[in-house]
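Thank you all for making time this morning. I would like to walk you through one model, beginning with a single residue and working outwards from there.

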Amino acid sequence: TMDNQGYCGESFNSLQSGTSDEDMVEIAGATLDFSVTDDVPPLDREYAGEKSNNQGNCGAVNSTYDAMAEPVPGVGTYEDFNTIDWVREKSKDRDRHREIASKSKESTWALIQSVSDAFSGWLLMLLIGLMAGALAGGIDISAHWMTDLKDGVCLNGFWFNHEHCCWTSNETTFMERDKCPQWKSWAELIIGHSEGAFAYITNYLMYVSWALLFAFLAVSLVRAFAPYACGSGISEIKTILSGFIIRGYLGKWTLIIKTITLVLAVSSGLSLGKEGPLVHVACCCGNILCHLFTKYRKNEAKRREVLSAAAAVGVSVAFGAPIGGVLFSLEEVSYYFPLKTLWRSFFAALVAAFTLRSINPFGNSKLVLFYVEFHSPWHLLELIPFILLGIFGGLWGAFFIRTNIAWCRRRKTTKLGHYPVLEVLVVTAVTAILAFPNDYTRISTSELISELFNDCGLLDSSKLCDYINLNSSKSSNELPDRPANSNVYTAMWQLALALIFKVLITIVTFGMKVPSGLFIPSMAVGAITGRLLGVGMEQLAYYHHDWVIFKGWCTPGADCITPGLYAMVGAAACLGGVTRMTVSLVVIMFELTGGLEYIVPLMAAAMTSKWVADAIGREGIYEAHIRLNGYPFLEAKEEFGHKTLAMDVMRPRRSDPPLTVLTQDHMTVEDVETLISETTYSGFPVVVSHESQRLVGFVLRRDLVISIENARKRQDGIVSTSHIYFTEYMPPQPSTSPAQLKLRSIMDLSPFTVTDHTPMEIVVDIFRKLGLRQCLVTHNGRLLGIITKKDILKHMAQMANRDPDSILFN
């Protein structure tokens with residue numbers, strides 16, 4: 001590994017041109033300049049002042065100026081839209097650790113400091129858990145209240161939602177528990193009565209108006225204050241965790257606006273969930289709290305360990321599934337996940353779930369809205385419909401990814417993208433107008449899923465539970481399969497229409513300029529399909545219990561089929577088809593529903609849906625969005641199966657001019673400054689001489705810029721004709737010659753090198769596993785060229801017959 005004793009950084013204003021760490025080598029005619037992107041400007045510059053201490057210091061006075069005497073501001077920090085150097089960051093952290101360990105033996109105070117340093121990680125996890133849990137509780141309560149506000153208002157206090165309003169009422173009946181005199185619909189308030197066509201139209205208009213108001217507020221706030229707060233944020237968090245820097249994406253403005261607009265977007269009735277954005281919110285909390293601890297503030301790799309744990313916290317509070325959250329972070333979002341991070345994620349998820357439980361946002365002592373308990377066991381033959389649901393989930397996942405990416409690409413490339421507010425308002429209007437007439441789309445998606453998961457008891461007043469009771473002497477826990485009444489068939493029709501509506505509207509909703517999660521809409525699609533299939537199976541079993549498939553286990557008067565279980569399995573299958581999660585998905589589902597005995601059906605459905613979806617297209621929705629946005633992300637799950645060599649990918653190519661290099665002892669300050677001003681490379685290899693091309697080390701552009709600038713300020717003798725040395729010893733100079741500048745301390749003496757005949761699959765593996773930014777190519781010890789992360793991504797795109805120029809930050 002690169003155990004660099006000395007790196008000197010640069011000041012942010014001292015770089016003459018916007019360079020990217022990826023672009024070590026200019027690409028003919030297409031130099032990618034990340035500093036001038038047409039993306040949103042970064043919102044908070046709180047990182048810009050970050051300083052970092054390092055072993056390699058800059059400044060000393062002699063006839064030789066050695067850039068080693070004291071630290072220089074800007075060392076070790078990165079610019080926006082650059083990739084971090086994992087090896088260098090880890091090495092920096094090891095040096096810091098060694099220093100603390102050696103000092104701790106000297107005095108009691110140093111020992112206390114070393115203990116507090118070790119404890120700071122756990123304290124940070126505690127704070128993240130508390131903050132994210134509190135925010136999630138607030139979001140849940142506000143969204144519940146604002147969703148009900150579209151239907152009516154509570155006279156006891158406008159801040160009560162429908163359920164809380166009727167809790168204290170003495171006039172509610174068991175069959176009509178949601179009707180009480182304290183809760184007035186808008187028609188009752190405006191025209192005085194709640195029956196008839198005029199009342200229906202009044203309620204309809206109020207529903208649509210509130211939805212439009214909420215959506216307009218959400219998109220306006222995002223657009224005005226935090227453009228990074230839109231979408232689910234998981235694709236970007238995956239990219240950030242892989243080492244990319246997007247300034248402001250996890251900043252305080254994004255956190256504030258995302259929290260507020262998430263409530264508004266969910267309340268507007270759009271087909272989106274709050275689960276994905278809650279991961280973004282938790283990661284914002286993690287990033288902001290990192291600034292309290294020097295160890296995490298100054299080290300980008302350490303900060304990413306914290307963000308991995310924060311992602312686990314996000315899922316923990318979204319679904320009330322702490323273990324599922326840890327597994328989600330491990331399986332889906334994290335790039336680097338050491339054991340220490342696993343334990344810390346576990347602790348943080350626990351604290352967050354505990355905080356949410358103490359807030360009790362749903363008033364039922366559960367962490368989620370759709371907690372269910374099934375009592376009847378499942379039979380082996382039911383695996384057939386479960387696997388069918390898995391196949392449906394895979395097909396839906398592949399269909400959704402294709403259509404949604406096509407729609408998002410259209411949004412990027414046509415005029416549609418210029419009118420985000422109008423787009424959100426049109427989609428909201430269409431959603432509200434089509435949703436209101438159907439009971440199952442009018443309610444919030446979470447309530448819909450809750451209703452679909454529900455196991456029908458004797459006392460259920462829902463239309464889905466309107467069966468003909470033939471023999472009600474049994475306890476309500478074990479109701480036999482019963483024939484369906486007319487209301488069940490009406491509910492089936494409404495659910496079939498709701499399914500078509502959800503499938504189509506979710507495609508255009510995901511990716512709009514409001515916070516939008518995908519978990520809940522996907523689960524709704526699967527739950528509707530599952531419930532339809534479950535009711536169908538139940539009626540088949542009732543009327544045809546003598547068929548071969550039902551014989552022996554489904555006798556008349558027995559409770560054989562649980563439609564709610566089918567809904568649960570369908571929800572897991574569809575969510576798995578879209579995101580390609582497996583282990584974490586099953587754990588989230590059984591934590592969500594408390595159905596431990598249904599692990600096998602869930603596993604069967606999740607695995608089938610993944611196989612089917614993978615057969616149609618390899619990418620999950622988050623990977624597809626990463627590729628659409630052109631983020632420099634090396635997918636760890638993807639195999640590199642081509643027989644190319646390092647010499648095929650490296651720059652310069654055969655037709656290009658030779659590689660720009662520095663020599664170890666033949667260049668003056670003027671030569672180096674000219675080289676810097678004429679090129680946009682982010683770093684330069686150092687060789688013994690132009691003739692030998694034997695490699696000595698590698699210097700980053702900004703380290704050069706800042707060291708020369710610093711030397712000119714600190715010592716009078718440094719002029720344009722001063723010689724620059726990267727060697728350990730310098731030849732004696734005549735007294736009349738100008739002062740020399742020694743820059744060995746800023747050179748990386750152990751740059752990663754491969755030979756020109758190294759197979760690219762090994763190079764790709766090295767980049768993935770070590771998180772490299774660049775790698776030098778040699779032949780018989782002589783320097784030939786350089787490979788950067790972006791060269792690899794372009795090469796992989798080319799091999800897959802995609803446009804290689806799509807790999808840049810759009």
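Where in the chain is Ser-232 found? Before I answer, please keep in mind that what you see is a predicted model. Ser-232 sits in the loop that runs between α5, residues 197-225, and α6, residues 234-241. Although this serine belongs to a loop, Ser-232 counts as buried, because its relative accessibility is 6% and the cut-off for buried is under 20%. A polar atom of the Ser-232 side chain lies 3.3 Å from the backbone nitrogen of Ile-234. If we set aside the neighbours within four places in sequence, Ser-232 is in contact with Lys-258, Gly-276, Pro-277 and His-280, and also with Phe-510, Ser-516, Gly-517 and Tyr-622.

Let me now step back to the chain as a whole. The protein chain has 810 residues, of which 57% count as buried, and its secondary structure comes to 27 helices and twelve strands. If we take the contacts between residues at least 6 apart in sequence, 74% of them join residues at least 24 apart. One pair of positions distant in sequence is Ile-260 and Gly-138, which are 122 residues apart along the chain, while their C-alpha atoms are separated by 9.9 Å. Ile-260 itself lies in helix α7, residues 252-267, and counts as partly exposed, because its relative accessibility is 41%.

Turning to the interior, the largest nonpolar core contains 156 residues, and the members that touch the most others are Phe-319, Phe-453, Val-514, Met-523 and Met-589. To take one of these, Met-523 is in contact, beyond its neighbours within four places in sequence, with residues including Phe-319, Phe-370, Ile-449, Phe-453 and Met-589. Apart from that core lies another one, of 24 residues, among them Val-669, Val-672, Ile-718 and Ala-739.

Finally, the outside. The accessible surface of the protein chain comes to about 32,900 Å², and 61% of that belongs to carbon and sulfur atoms. Which helix gives the most to the nonpolar surface patch? That is helix α13, residues 383-413, which provides five residues. The patch covers about 750 Å², and its members include Leu-381, Ile-384, Ile-391, Trp-547 and Ile-616. Ile-391, which is found in helix α13, counts as partly exposed, because its relative accessibility is 32%.

Notes:
Residues are numbered from 1 along each chain as its sequence is written. This is a predicted model: local features need pLDDT of at least 70, side-chain atom pairs count only at pLDDT 80 or more; totals for chains, interfaces and linings use all residues. Side-chain values use heavy atoms; hydrogens and water are left out. Helices (H or I, at least four residues) and strands (E, at least two) are DSSP runs, numbered from the N terminus. Buried means under 20% relative accessible area, exposed over 50%, partly exposed in between (1.4 Å probe, protein chains only). A polar contact is a pair of N or O atoms within 3.5 Å; within protein, one must be able to donate a hydrogen and the other to accept it, and residues adjacent in sequence count only if both atoms are side-chain atoms. Contact means heavy atoms within 4.5 Å. A nonpolar core is a set of buried Ala, Val, Leu, Ile, Met, Phe, Trp, Tyr and Cys residues joined through side-chain atoms within 4.5 Å. Patches are made of residues with over 30% relative accessible area and no salt bridge: like charges are joined within 9 Å, nonpolar side chains (Val, Leu, Ile, Met, Phe, Trp, Tyr) within 5 Å. Accessible areas come from the Shrake-Rupley method with a 1.4 Å probe; for residues, only the protein chains shown count as cover. A salt bridge is a side-chain nitrogen of Lys or Arg within 4 Å of a carboxyl oxygen of Asp or Glu.
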